[in-house]
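Q: I am new to this structure and would like to learn how to read it. Could you take me through some features, giving the general idea and then the case here?

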Amino acid sequence: MSNSMVGPKALRFLNILLIVLFCLAIILPFLHVLAISFNSGVDAQKGGIGFWPREWSFENYTEVFKQDNLLNGLFISIFRTVVGTVIGVALMSMAAYAMTIKTLPGRKQITFFVFFTMLFSGGTVPYYLVLTELNLTNTIWVFIIPSLYSVTNILLLRTSFNQLPFSVIEAARIDGCSEFKIFRSIVIPMSKPVLATISLFTAVGHWNDWYYGSFFVRDASLKPLATLLQEMLTRQAALSDILLRNSGSMAYSQLDKITVTSESLQMATIIVVMIPMVLIYPFIQKYFVKGITVGSIKE
Amino acid sequence: MNASFKRFLTTVLLVLTAIVAVGCSNKNSEIITEKPEGAPDTWIADRTITGLVFQSANDAGIDMNEEVLAYIKERTGITLELQTVTNDNSTEALAAGLAAGDLADFVAFYLNNSGRPEMSLLLKAANEGMFHDLTPLMQNTKVYSKYLEEDYLPADTRDNIMFREEWNGASYLVHMAINRNGGDVGRPTVGGLYIKKDIVDALGIDPNEVNTSEELVELAQQMKSGNFVDDNGRPITVIGPTAWGGSDRDWLYNDLVWTGVSGEKFMKDENGKILHEAQTNYGIERVKFVQQLISQGLMTPEYYTMEETRAKEGIVNGSFGIVSDMHNYMPENNDMTYIPLGPISRVDGTNDMVVSYKSGYAGWAIPSTTEYPEHIMQFADWLASEEGKMLYFYGLEGRDYDLDEHGNPVVKQEVLDLKESNPEEAKKLGFRGVGAYWGEHLAYTDMDNLGDFGERSYGESVTGEKASAATEILDLYQYEEKFANARIIDGMTVQSFLYEFEGNDGGLSTALSRYNDDVLRAYYAKSIEEAQVILDESRKNLEKNRLQEFLDFVEQKESDGATIKF
Amino acid sequence: MENVVVHNGVLKTKEELEKHYNPVKETLWTKMNKHKIFYIMLFPCLAFFLIFSYWPMAGLILAFKQYGFNTGILGGDWVGFKYFEQFFNDPRSWLYVKNTIIISILKLFVYLPFPILLALMLNDVKNNKLRGALQSITYLPYFISWVVVVGLMNRILAPNTGMINQAIESFGGDGSKFFMMEEGLFLPLVFISYLWKSIGWDSIIYFAAIVAIVPTLYEAAAIDGAGKLRQIWHVTLPGISATIIILFILSLGSILSSGFDQVYLMQNPGNANVSETIDTYIVRTGLQGGQFGYATAIGLMQGIAGLIITIIVNKITSKKFGTSLW
């Protein structure tokens, strides 16, 4: 079964066709979401909207940006993503680089110490207790500090640093460069692909995370966008909770208290939350051309 | 070390300092108890009171209006600050907060009755000294002191939540939403089954005469063969879910659920023995009923699972012949497409209206870490007073309402208009009438709207006849007559004895909620035999978790004089 | 992959070179002192894991204690293996373990080749703009939460009114099948929705690894007459095998927690037999009334199982493929 039977051109065409079909399977549900978000809310309630709005309207998007808490959430999300990514990637690269120094006494133990944490966790409650003890809960730093390091990302960085040409580093050492200068002016510039990838992973992790915002902060002004969206989407669960556990006129008055965000507004918020990450991707993408690999921790 | 590294270190140090500074600055605000000159009588202290609310974001109502806050500050010296943990699972959040001892000046939580899952957690916390004793604090108050009067509180609130026997007069939890007068239901509401009016007219039936599940099946078959269509011309689904989405509500088959009005599935048999539904045939009878409806295409298969948006969609389009639960004030039904059906009689054959003597909802407590707990109690008392309630329900005088000659609020038309045209914007005015619920936690008790404000619900005296669909439905249902003959019960439900019976073990309460899940599974079992196996297994699980012992325990309680509401 | 350098005209490995520069045996202290700067770089990292991972691990002791709010984690009475007994005495627990493992296998093993396949396919698209666009599209679903995905599924697969059923109806079928409620369809639906949501994102790392393969290897293979598929088999896959194996081993630690959100949201009365997992079970029952001890005990079991499986698989891959995590 070599190319003599199936021409490389035909193969390539088939390949593109398959990917395009798959992308279609992804795009169609998104078109549905987009269509509802651009449809007037009252009309959307009647249902039956497919992939194109029935009654065009931008009111959902203007409404999103009119809501103070969503704007504030956007600010929190941007802050934690930018600050968390910059500090996190800087600290992780330093640690990962130090772990590649073969002569470092205790290197094995340190590596084990870090990687063992992937396997066990103490559970939510003890974790919460620690955050409280450190006075981190209900401050903006609870989004930054506890997520500074990620084991997988350290592993990616370590492997990549291990593969840098040793001769260049050694030459700099002979020239009398300090170790930190070597790290800063040689290792970092040579590792752009892996740094770009790690930055993407870290930034997306920050952007998507709603759990910390719902559990570890209480002030409304500290809730990131992802948490607000999640609240909007799960309000319904809270509703049926009341339905199940209550009866009588008190239940109805509680049900009336809950205003469910219209579906169109929900969909518009989903799109708004998604856009920044979709926009940064192409900028990161060009670094992938250089490639990265993942290696063992024993090297 | 070279310069760049030093610069880097400095930055890290600066960041760390900032972290520590921010981390520590959010605690310990100053409390000034000395009353300044010229302060009003209602002045309590110059301090911040933070409340931590374990409820969903909207219920918590933490975004407060600046002018409302300023008014509170001026009258009481208090700066109110509400915070919320909006986890999916409010119980887990409450547990974690209690565990960390990281609580605000007061905490607020859902608590319908003592059978709520939060209850065992709260009792555990109270027993372990996590909360201040509130009884001495309540003695010096105007509104909350009523809680100490004989016969003010409903039995469950008094005996199971607030003044438990083992606490010897102390109390740690405040139950809210207590009506001032017994048997008062507030705004007259008709809930339960609703049916499309045009179908009733076409079939020429009397919807009030459908009172058994057999009659309901008959009606459903007629509706099916009538080939009715919805607004889009598609055939209707004869029986749809509730207006709020899929849920297992009893309305559709009241006579097939082994329970009284509590819905807890406990009931006395003809010999006076208390039984749980698992010990009767009613579970499997209901399964047969549901499977019959689904297989004949009379009930939507999504009856128990449909999402709220799609249920609303169905109602807006008139796609459901019967809606299994809604009420007369639903805005989607302003044109009276749907009118009440039934009700189906209960398993004991009764069909009359039953009203709780009083009922409660939600609650609050003061953690023992709070300084000057009396301030919190005084503040709550002020909020629950006439002045506080007026603020919470109607906003600010002059801005949101005027007073008539009887001292009752007259809502301004422009506020009502804004609420109608842009509810989100109106909500920012910051009071209950427009959908801001910050006062629910401390102010919403000793309720008597008619007595306090001259109207049952916000703006009623101004909008007047506008809610005509709702009133017409009341007439159709013969509400006045039924209410006049209503039975008033003040009792404790069977499940409210669970904690006393098993403490923190939780085995039986888990088994009871598993029974409800299992019945749902049985509805969707492939055959009646399979359903029977599921229900048998569930019964065995209940028995293993000491169901019989518990029933004996409750019977003992009843013979000791407790009134039980089945 | 050892780096080799030319030093004074002799080919040397890193180690040899370092020996050359550090010929004298040093005491541990001077050695550590020389590496001062690296310890400084590592210090925040170690402090981080000590505080945020090891400190909370002390909480695992709760698995053997009666928890009290006033006694905290370290106080409280010992209860021995009570919670473990409680879990295993419940006949349904084994069902939950089984369901969890099946869903995990689906997501770890069955799913594994798909992102790799997508990365290979994308790599074959030579037009940079087109590839970039396609890649961006596949990565979109990663940004919407499970609530939305499951909501869309409910809508599309609804009986009578859903898109699929309406299509079936228009072809003369019955059109009332309640797909989400079918026990037999639960696993396929879990798999398809998981694939739909994660494949684009997960393929990023494989794609980056494929690009890192030196082009001359392909050229050499082409000269040997290897076609496209052969090149993939003999050059690309070996080139990224280390990445595949290591990411796979890393994911094994969570084998007993099969992803909470998705499964929880897709549960309904019809599929309860196959959809209740350890995680959803804990949320449903374990945390009611603050039974932290019980929840912790189950978490501990999940961790130990993950550890054992990771160690075994690491051994196997080390023997079979010569690649392992450690």
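## Reading the features

Q: Where is the place of B:D446?

A: B:D446 lies in the loop of chain B that runs between α15 (423-427) and α16 (449-453). Please keep in mind throughout that this is a predicted model.

Q: What should I look for in the backbone there?

A: Start with the general idea: most residues other than glycine have a negative phi, and most peptide bonds are trans. B:D446 is not a glycine, yet its phi is positive, about 55 degrees.

Q: Is B:D446 buried or exposed?

A: You can judge that by counting neighbours. B:D446 has 21 C-beta neighbours inside 10 Å, so it counts as buried, the cut-off being 20 or more.

Q: What is the phi of B:Q478, and where is this residue found?

A: B:Q478 also has a positive phi of about 55 degrees, although it is not a glycine. Its loop in chain B is the one between α18 (468-476) and α19 (479-484). The neighbour count puts B:Q478 in another class: with 13 other C-beta atoms within 10 Å, B:Q478 is partly exposed.

Q: Which peptide bond is cis?

A: Look at the bond that leads from B:G342 to B:P343: this one is cis, and its omega is near 5 degrees. You will find B:P343 in the loop that joins β10 (338-340) to β11 (354-356) in chain B.

Q: How do I read the two sides of a helix?

A: The general idea is that an α-helix has 3.6 residues a turn, so residues three or four places apart point the same way. Now take helix α3 (residues 66-76) of chain B, where the buried residues are B:V68, B:I72 and B:T76. These residues are on the same side of α3(B), because they cover an arc of only 45 degrees around the axis.

Q: Which exposed residues are on the face turned away from the buried side of α3(B)?

A: That face carries B:E66, B:A70 and B:E74.

Q: What do the buried residues of α3(B) pack against?

A: Their partners in chain B are the strand β2 (78-84) and the helices α12 (373-384) and α13 (386-394). Just after α3(B) comes B:G77, with a positive phi near 80 degrees.

Q: How do I step back and read chain B as a whole?

A: Begin with its elements: the secondary structure of chain B comes to 23 helices and 17 strands. Then look at its domains. The assignment gives domain 1 (47-175 + 363-443), domain 2 (194-356 + 467-485) and domain 3 (492-565). Between the C-alpha centres of domain 1 and domain 2 of chain B there are 35 Å.

Q: What is the radius of gyration of chain B, and what would a compact globule have?

A: Chain B has 27 Å, which agrees with the value near 24 Å for a compact globule of 566 residues. Along the principal axes, the C-alpha atoms of chain B fill a box of roughly 80 × 70 × 60 Å. Of its 566 residues, 49% count as buried. Among the contacts in chain B between residues at least 6 apart in sequence, 78% join residues at least 24 apart.

Q: Which residues of chain A carry the annotation "transmembrane region"?

A: According to the unreviewed UniProt entry, the spans in chain A are 12-38, 74-98, 110-128, 140-161, 182-204 and 265-284. You can then compare such a record with the model. Residues 12-38 of chain A are 96% helix and 0% strand, and their end C-alpha atoms lie 37 Å apart. For residues 140-161 of chain A, the model gives 68% helix and 0% strand, with 32 Å between the end C-alpha atoms.

Q: Which helix of chain A holds A:V187, and which residues does A:V187 contact?

A: A:V187 sits in helix α10 (residues 179-190) of chain A. Leaving aside neighbours within four places in sequence, its contacts are A:Y97, A:F161, A:L164 and A:I182. A:Y97 is 90 residues away along the chain, while the two C-alpha atoms are 8.5 Å apart. A:V187 counts as buried because it has 21 C-beta neighbours inside 10 Å.

Q: How many residues of chain A are in contact with chain C?

A: There are 74 residues of chain A in contact with 75 residues of chain C. Helix α1 (residues 8-37) of chain A gives the largest share of chain A's side, 13 residues. By class, this side has 48 nonpolar, 20 polar and 6 charged residues.

Definitions and conventions
Residues numbered from 1 in each chain as written. Chains lettered and ligands numbered in written order. Predicted model: local features only at pLDDT ≥ 70, side-chain atom pairs only at ≥ 80, totals over all residues. Domains from an automatic or database assignment. Contact = placed C-beta atoms within 7 Å. Helix = DSSP H or I, 4+ residues; strand = E, 2+ residues; numbered from the N terminus. Nonpolar A, V, L, I, M, F, W, Y, C, P; charged D, E, K, R; others polar. Rg over C-alpha atoms; globule rule 2.2 N^0.38 Å. Buried ≥ 20, exposed ≤ 12 C-beta atoms within 10 Å, placed from the backbone. UniProt positions renumbered as here; feature names shortened; annotations may be inferred. Arc of directions from axis to C-beta.
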